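Here are some short exercises to work through with the model open in your viewer. Try each task before you read its solution.

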Amino acid sequence: MTEEVIVDNAHSDLQELADRRAEVYLTEQFQNLMQEAAQMVKQIEPSELDLTDQSILLLDVREPEEFASGYLRKENHLTIPRGRLEFVAIKKIHEKYGHDVKIVTYCFKGPRGLLAAYQLKKMGFKNVINLRDGLVNWLASGKTLKSYFG
């Protein structure tokens with residue numbers, strides 16, 4: 001009797017998606033925007049993020065299909081895709097948590113999280129930081145993700 005092996009390709013599929021989007025990141029205008037955002041937004045390393053601190057609102061700005069591959073925690077966690085952030089941030093964040101809540105943004109590789117944090121600051125949120133290099137950095141540091149299964 002042979003044992004069936006199940007392979008989870010979700011992270012490699014996300015890497016392929018990220019690589020296809022990489023062309024956008026190479027434009028000079030985009031690089032300038034990223035530099036501006038990096039000057040205005042504090043970024044932290046995975047070792048600096050305390051997931052047990054329930055006063056922190058984690059904001060995942062990935063697309064829904066990316067969220068299905070894993071997330072940082074269930075409690076005090078919102079998912080707002082980067083493309084919808086400006087339209088729903090006031091309703092989902094301000095009305096429930098206020099403009100002073102500590103927000104940590106993240107995405108898969110970092111740019112969307114950084115731009116989301118920058119935009120939130122422009123929208124009046126006062127305590128916004130970004131997880132540098134997103135989940136790629138998180139996983140590279142040896143940390144794990146939560147999933148629907150635990």
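**Exercise 1.** Find what follows helix α5 and give the sign of its phi.

Solution. Start at helix α5, residues 111-122; helices here are DSSP runs of H or I with at least four residues, numbered from the N terminus. Step past its end: G124 follows, with a positive phi near 105°. This is a predicted model, in which local features need pLDDT of at least 70, side-chain atom pairs count only at pLDDT 80 or more, and totals for chains, interfaces and linings use all residues. Residues are numbered from 1 along each chain as its sequence is written, and side-chain values use heavy atoms, leaving out hydrogens and water.

**Exercise 2.** Work out how many residues of α5 are buried (under 20% relative accessible area, 1.4 Å probe, protein chains only).

Solution. Go through the twelve residues of the helix: nine are buried, leaving α5 mostly covered. Among them are P111, G113, L115 and Y118.

**Exercise 3.** Identify which residues form the contact (heavy atoms within 4.5 Å) between α4 and α5.

Solution. First, place the helices: α4 covers residues 85-97, and it packs against α5 at about 65° with the axes 11 Å apart. Next, list the contact: L85, E86, A89 and I93 come from α4, while A116, Q119 and L120 come from α5.

**Exercise 4.** Decide whether the rings of F67 and Y71 are stacked (centres within 6.5 Å, planes under 30 degrees apart) or edge-to-face (over 60).

Solution. The ring centres are 4.9 Å apart and the planes meet at 15°, so the pair is stacked. Then check burial: F67 has a relative accessible area of 15%, and Y71 has 4%.

Note on methods: Rings of Phe, Tyr and Trp (its six-membered ring) pair if their centres lie within 6.5 Å; planes under 30 degrees apart count as stacked, over 60 as edge-to-face and the rest as tilted. Buried means under 20% relative accessible area, exposed over 50%, partly exposed in between (1.4 Å probe, protein chains only). Helices (H or I, at least four residues) and strands (E, at least two) are DSSP runs, numbered from the N terminus. The expected span of a helix is 1.5 Å times one less than its number of residues. Axes are lines fitted to C-alpha atoms, for helices over the stretch in contact, and angles run from 0 to 180 degrees between N-to-C directions.
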